[in-house]
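User: I would like a close look at one packed helix pair in this model, and then at the sheet beside it. Please take it step by step.

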Amino acid sequence: MSKRCIFLISARNNLLKDCLTFLDANYNKEHNYTTLIFYHGNRYDNQEYQDLIKSINPQTEYRFHSINPKIPDHITEQDLFWNLGNPYANNFRGRIGYLHANYFWNNFMNLPELNEFDYLMRIDDDSWFKEKLEFDFFDELDKRNGMFGTGFTWNHFNPNHLQTRHDLFNWIKYYVDKYSIDVKNQQLKESLNGSIDNELFHTLRWNCGNCNVYNREMFNTETWKTYLQEFNDLAGGYRYRWGDCEVIGLYAYMHLDNPLIDFELRSKGLYEPQIPNTQMVFS
């Protein structure tokens with residue numbers, strides 16, 4: 001029997017209980033998948049608060065794990081995203097916690113706390129499971145012969161998206177050329193033959209990120225390990241704020257015949273990426 005879990009990194013005490021309560025009521029009380037809450041520093045060290053979360057469903061195991069991130073040794077503060085000088089980056093100044101979380105979202109598969117699990121579901125602490133889900137994410141992923149699934153997809157883009165994908169197009173071209181990748185997805189393949197930052201590249205169907213499901217086998221391949229090493233050598237999450245929507249999504253489009261299962265939860269009224277009145281956290 002495969003081992004399955006739900007995990008997230010959280011920095012918002014005021015949202016976490018609501019998020020996990022909605023998750024339990026509308027999905028996990030039927031499955032009781034182990035739920036792992038990662039956090040920076042001592043934010044959730046308080047035992048009383050941990051007990052409050054565990055009271056949501058005594059049949060589910062809730063695990064809390066503190067992590068202590070740091071800026072990679074091979075870059076400096078001057079290399080961080082907010083020094084790029086574009087409007088989005090300028091307004092992002094000081095949000096080092098988000099950049100650390102960005103590293104987490106792209107490197108979670110290497111965390112020892114997740115090693116025992118064959119299937120992983122990644123959510124955010126403001127993910128809103130609005131109505132009861134009548135299926136199991138992991139079973140459905142297998143039924144549809146997928147390695148990677150998402151709550152919903154999107155493909156609009158605006159200046160903010162362009163400013164958080166700075167140099168991403170060029171980096172993907174570099175990777176494809178360096179390793180002679182035969183890109184599986186036709187739209188991505190065609191876009192890489194076009195001009196820098198062309199519309200085809202930016203209007204791929206992107207995964208939502210805040211409700212993603214993975215078969216770990218996807219990350220056990222040499223192609224993934226090579227790709228992730230290139231990403232970490234560049235420190236793309238810290239330099240450019242490239243997120244897992246793009247980083248993991250583009251890997252799937254390059255390497256997988258069936259790159260992304262879309263569960264279409266948002267269009268069905270089952271899920272929203274944010275609980276109402278969600279606010280950002282500033283470091």
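Is the crossing of H10 and H12 left-handed or right-handed?

Analyst: The crossing of H10 and H12 is right-handed, the near helix being turned clockwise from the far one by less than a right angle. This is a predicted model, in which local features need pLDDT of at least 70 and side-chain atom pairs pLDDT 80 or more, while totals for chains, interfaces and linings use all residues. Residues are numbered from 1 along each chain as its sequence is written, and side-chain values use heavy atoms, with hydrogens and water left out.

The axes of H10 (residues 222–234) and H12 (residues 244–255) come within 11 Å and cross at roughly 140°, on a scale from 0 to 180 degrees between N-to-C directions. That angle makes H10 oblique to H12, a class outside under 35, 65 to 115 and over 145 degrees. On the H10 side, Thr223, Trp224, Tyr227 and Phe231 make the contacts (heavy atoms within 4.5 Å), and they meet H12 residues including Val247, Tyr251 and His255.

H12 also leads to the sheet, since this helix lies across S4, S6 (148–150) and S9 (211–215) and runs at about 140° to S6. The open sheet has seven strands in the order S3-S2-S1-S4-S9-S6-S10, with mixed pairing, where a pair needs at least two DSSP bridges. Its edge strands, S3 and S10 (261–262), each pair on one side only.

Within this sheet, S1 (residues 4–9) is joined to S4 (residues 119–123) by four bridges, and the two run parallel; cysteine 5 has leucine 120 as its bridge partner in S4. The same cysteine 5 stands opposite threonine 34 in S2. From S1 the chain crosses through H1 (residues 13–26) to S2, in a β-α-β crossover that is right-handed, that is, clockwise when the strands point away from the viewer. S1 and S2 run parallel and are joined by five bridges.

On its other side, S2 is joined by six bridges to S3 (residues 62–67), again in parallel, and serine 66 in S3 is the bridge partner of tyrosine 39. A right-handed β-α-β unit is made by S2, H2 (residues 47–54) and S3. Because six of the seven residues of S2 (residues 34–40) are buried, this strand is largely enclosed by the rest of the structure; buried stands for under 20% relative accessible area with a 1.4 Å probe. Finally, H4 (residues 96–107) lies across S1, S2, S3 and S4, running at about 160° to S1.

Key
Buried means under 20% relative accessible area, exposed over 50%, partly exposed in between (1.4 Å probe, protein chains only).
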